[in-house]
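Here is a friendly walk through one protein chain, written to be read with the coordinates open beside you. Please load the model and follow along.

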Amino acid sequence: MRWVSYTRSISSRIGEENPANTIAEQNANIEQYLKNKGYRISEKYSDRKRSAEAADGFDRMVQDGMTQKFDAVAVDSIFRFGKTLPFAIEVLQKTFYPVGIQFAVVEDDFCSTDRTADEVEQYFKEKAIEKIRFEFIANRHALVLSARAWRNRSPEGQRYTNSY
């Protein structure tokens, strides 16, 4: 089985756009995960630019996948596979998987090679719910901080305290 990896500098999670783990760490995690499963990487695709719109490596990987240049793709986090989670689901579950391209997500210890189609579908449903929950909490936290800052200001715009 020909495995490739995909890494990305930017996460699609709100509040985690520039996470600490680097491309090198992602590659190391992926390589170790696949090694433990008896596989090795034949090619690496990466989007290193610190822009949410960066997708040259991703686009090249999708094109190569559609021409069957590899059989499986590994990623460190589902939130690093493309610009958004819905986009990742579209490519992995609805484009690659139906044509026989398998995938592995290291942080979730999820590898489609040893899962049923129902388990793959359930995995993506759970990830979508997780993202909604994460964004709700992040947005709620931002609103609470904003409300606190608003309460600490006088009508003239001067702060009553030094803390927010």
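Let us begin at Ile41, which, once residues up to four places away in sequence are set aside, touches Trp3, Val4, Ser5, Ile30, Glu31 and Leu34. This residue, Ile41, belongs to strand β2, spanning residues 41-47. Its C-alpha atom is separated by 6.7 Å from that of Ser5, although Ile41 and Ser5 are 36 residues apart along the chain. Ile41 has a relative accessible area of 16% and counts as buried, because the cut-off for that label is under 20%. Keep in mind that this is a predicted model.

**The chain as a whole**

Stepping back, you will find four helices and five strands in the chain. Their order along the sequence is β-α-β-α-β-α-β-β-α. The chain has 164 residues, of which 39% count as buried. About 9,600 Å² is exposed, and carbon and sulfur atoms supply 51% of that area. Taking contacts between residues at least 6 apart in sequence, 65% join residues at least 24 apart.

**The nonpolar cores**

In soluble globular proteins, nonpolar side chains tend to be buried together. Here, the largest nonpolar core has 26 residues, and those touching the most other members are Met61, Val73, Ile78, Phe81 and Phe103. At least two residues of this core come from each of β1 (3-8), α2 (56-66), β3 (72-75), α3, β4 (102-105) and α4 (117-151). Helix α3 gives the most, with six residues. Apart from this core lies another, of ten residues, including Leu34, Ala74, Val106 and Cys111.

**Helix α3**

Which residues of α3 are buried? In this helix, residues 85-96, they are Leu85, Ala88, Ile89, Val91, Leu92, Gln93 and Phe96. An α-helix has 3.6 residues a turn, so residues three or four places apart point the same way. At the N-terminal end of α3, Thr84 acts as a cap, with a side-chain oxygen 3.1 Å from the backbone nitrogen of Phe87.

Gln93 deserves a look of its own. This residue of α3 is buried, with a relative accessible area of 17%. Beyond its neighbours within four places in sequence, Gln93 is in contact with Ala88, Pro98, Glu121 and Phe124.

**Aromatic pairs**

A search of the whole structure turns up 13 aromatic pairs. Two of them are set out here.

| Pair | Distance between ring centres | Angle between planes | Arrangement |
|---|---|---|---|
| Phe58 and Phe81 | 5.1 Å | 75° | edge-to-face |
| Tyr123 and Phe124 | 5.3 Å | 70° | edge-to-face |

The pair of Phe58 and Phe81 links distant parts of the chain: Phe58 sits in helix α2, while Phe81 is in the loop between β3 and α3, 23 residues apart. Phe58 is buried at a relative accessible area of 1%, and Phe81 is buried with a relative accessible area of 1%. For the other pair, Tyr123 is buried at 5% relative accessibility, and Phe124 is buried with a relative accessible area of 2%.

Tyr123 and Phe124 also belong to a cluster linked by ring pairs, together with Tyr97, Phe103 and Phe110. What does Phe103 contact, leaving aside its neighbours within four places in sequence? Its partners are Trp3, Val73, Leu92, Tyr97, Phe110, Cys111, Ser112, Val120, Tyr123 and Phe124.

Definitions and conventions. Residues are numbered from 1 along each chain as its sequence is written. This is a predicted model: local features need pLDDT of at least 70, side-chain atom pairs count only at pLDDT 80 or more; totals for chains, interfaces and linings use all residues. Side-chain values use heavy atoms; hydrogens and water are left out. Buried means under 20% relative accessible area, exposed over 50%, partly exposed in between (1.4 Å probe, protein chains only). A polar contact is a pair of N or O atoms within 3.5 Å; within protein, one must be able to donate a hydrogen and the other to accept it, and residues adjacent in sequence count only if both atoms are side-chain atoms. A nonpolar core is a set of buried Ala, Val, Leu, Ile, Met, Phe, Trp, Tyr and Cys residues joined through side-chain atoms within 4.5 Å. Contact means heavy atoms within 4.5 Å. Accessible areas come from the Shrake-Rupley method with a 1.4 Å probe; for residues, only the protein chains shown count as cover. Rings of Phe, Tyr and Trp (its six-membered ring) pair if their centres lie within 6.5 Å; planes under 30 degrees apart count as stacked, over 60 as edge-to-face and the rest as tilted.
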